[in-house]
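The exercises below ask the reader to work through aromatic pairs, helix packing and backbone geometry step by step. Please keep the structure in view while reading each solution.

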Amino acid sequence: MSDIYLALVHSPVYNKNMEIVATSITNLDLHDIARCATTYGVKRYYVVHPAEAQRQLAKRIMGFWQEGFGAEYNPDRQEAFGRVKIAKDLAQVYAEIEAEHGTAPIKVATDARKYANTVTYAKLREDIDTMETPILLLFGTGWGLLKEDVEKMDQILEPIYGPTDYNHLSVRSAVSIILDRLRGH
Ligand SMILES: C[S@@+](CC[C@H](N)C(=O)[O-])C[C@H]1O[C@@H](n2cnc3c(N)ncnc32)[C@H](O)[C@@H]1O
């Protein structure tokens, strides 16, 4: 069984004009994805941001729930934040996972846009169940990961679609649906 890791990328991502930007870390993404990651047994949820001030902000938000009043008031949040790590860039994320496993993670991009050569949820789930190689799922913010970055990844998960053509999910919803498809009972 492969260990699953998540990375939430804040830069570089697209804005609505498809310009390359950095987005801000949001309280909701920290809390909701941490709780989802804990529910589905994700090994670590990396929150990736190049700006020191943003990383400090995220640490302060989590710090409130990890010690003192916040931790007493809601131990569930403390537990969920126990598997969150703030990282400067993806290179740091790749290096840490490789150091832990002695092998590089299989990098799997997610996107609402269609790409050629995507992997199905059934296939990735089977790989997770049968392999030992760690899996790193990459999620974007803003209007998504850069096309050239998605195409550089080892695999691209097929986009989530319902019975309509609309599939622009919030990242929190996308993480929930994807983890349930890959790890749900
Ligand atoms: C584009 S961002 C949108 C973020 C938005 N600003 C928010 O409030 O969450 C959402 C990220 O969620 C994932 N995502 C969104 N819709 C998806 C879909 N239909 N299929 C697969 N992944 C999706 C991708 O990782 C994408 O980069």
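Helices here are DSSP runs of H or I with at least four residues, numbered from the N terminus. In this predicted model, Tyr94 lies in helix H5, which spans residues 90–101.

**Exercise 1.** State which residues Tyr94 touches, leaving aside its neighbours within four places in sequence.

Solution. With those neighbours set aside, the contacts of Tyr94 are Pro105, Lys107, Leu136, Leu138 and Met153. As a separate distance, the C-alpha atoms of Tyr94 and Ile4 are 13 Å apart in space, while 90 residues separate Tyr94 from Ile4 in sequence.

**Exercise 2.** Classify the ring pairs Phe64–Trp65 and Phe69–Tyr73, and describe the surroundings of their residues.

Solution. A pair of aromatic rings is described by the distance of the centres and the angle of the planes. The structure holds three aromatic pairs. For Phe64 and Trp65 the ring centres are 5.0 Å apart and the planes stand at 85°; planes over 60 degrees apart count as edge-to-face, so this pair is edge-to-face. The pair of Phe69 and Tyr73, with 5.4 Å from centre to centre and 20° between the planes, is stacked.

The next step is accessibility. Phe64 has a relative accessible area of 42% and is therefore partly exposed, whereas Trp65, at 15% relative accessibility, counts as buried. Phe69 and Tyr73 are both exposed; they lie four residues apart in helix H3 (residues 68–73), which is about one turn of the helix.

Finally, ring pairs join Phe64, Trp65, Phe69 and Tyr73 into a cluster. Arg77 lies over the face of Trp65, 5.5 Å from the ring centre, and elsewhere in the list of charge–ring arrangements the charged end of Arg181 sits over the ring of Tyr121, at 4.7 Å from its centre.

**Exercise 3.** Is helix H1 oblique or roughly parallel to H2, and which term describes H1 and H8?

Solution. Begin with helix H1 (residues 27–39) and helix H2 (residues 52–66), whose axes come within 10 Å and cross at roughly 50°. That angle makes H1 oblique to H2, and the crossing of H1 and H2 is right-handed. At the contact, Asn27, Leu30 and His31 in H1 meet Ala58, Ile61, Met62 and Trp65 in H2.

Turn next to H1 and helix H8 (residues 171–183), which pack at an angle of about 5° with their axes 10 Å apart. Angles under 35 degrees count as roughly parallel, and H1 and H8 are therefore roughly parallel to each other. The residues of H1 that meet H8 include Leu28, Asp29 and Ile33, and their partners in H8 include Val171, Val175 and Leu179.

Gln54 is also found in H2. At 18% relative accessibility Gln54 counts as buried, and, not counting residues up to four places away in sequence, Gln54 touches Thr23, Ser24, Ile25 and His49.

**Exercise 4.** Describe the backbone at Pro12, Met18 and Asn117, and place each residue in its loop.

Solution. Most residues other than glycine have a negative phi, and most peptide bonds are trans. The peptide bond joining Ser11 and Pro12 is cis, with omega about -5°, and Pro12 lies in the loop between strand E1 (4–9) and strand E2 (13–14).

Met18 has a positive phi, near 60°. Met18 sits in the loop between E2 and strand E3 (20–21) and, at 42% relative accessibility, counts as partly exposed. Asn117 likewise has a positive phi, about 45°, although it is not a glycine. Asn117 is found in the loop between strand E6 (106–109) and helix H6 (121–130), and its relative accessibility of 67% means that Asn117 counts as exposed.

Terms used. Residues numbered from 1 in each chain as written. Predicted model: local features only at pLDDT ≥ 70, side-chain atom pairs only at ≥ 80, totals over all residues. Heavy atoms only, no water. Phe/Tyr/Trp six-rings, centres within 6.5 Å; stacked < 30°, edge-to-face > 60°. Buried < 20%, exposed > 50% of the residue type's maximum accessible area, 1.4 Å probe, protein only. Helix = DSSP H or I, 4+ residues; strand = E, 2+ residues; numbered from the N terminus. Lys NZ or Arg CZ within 6 Å of the ring centre and 35° of its normal. Axes fitted to C-alpha atoms, helices over the stretch in contact; angles between N-to-C directions. Parallel < 35°, antiparallel > 145°, perpendicular 65-115°, else oblique. Left-handed = near helix turned anticlockwise from the far one by under 90°. Contact = heavy atoms within 4.5 Å.
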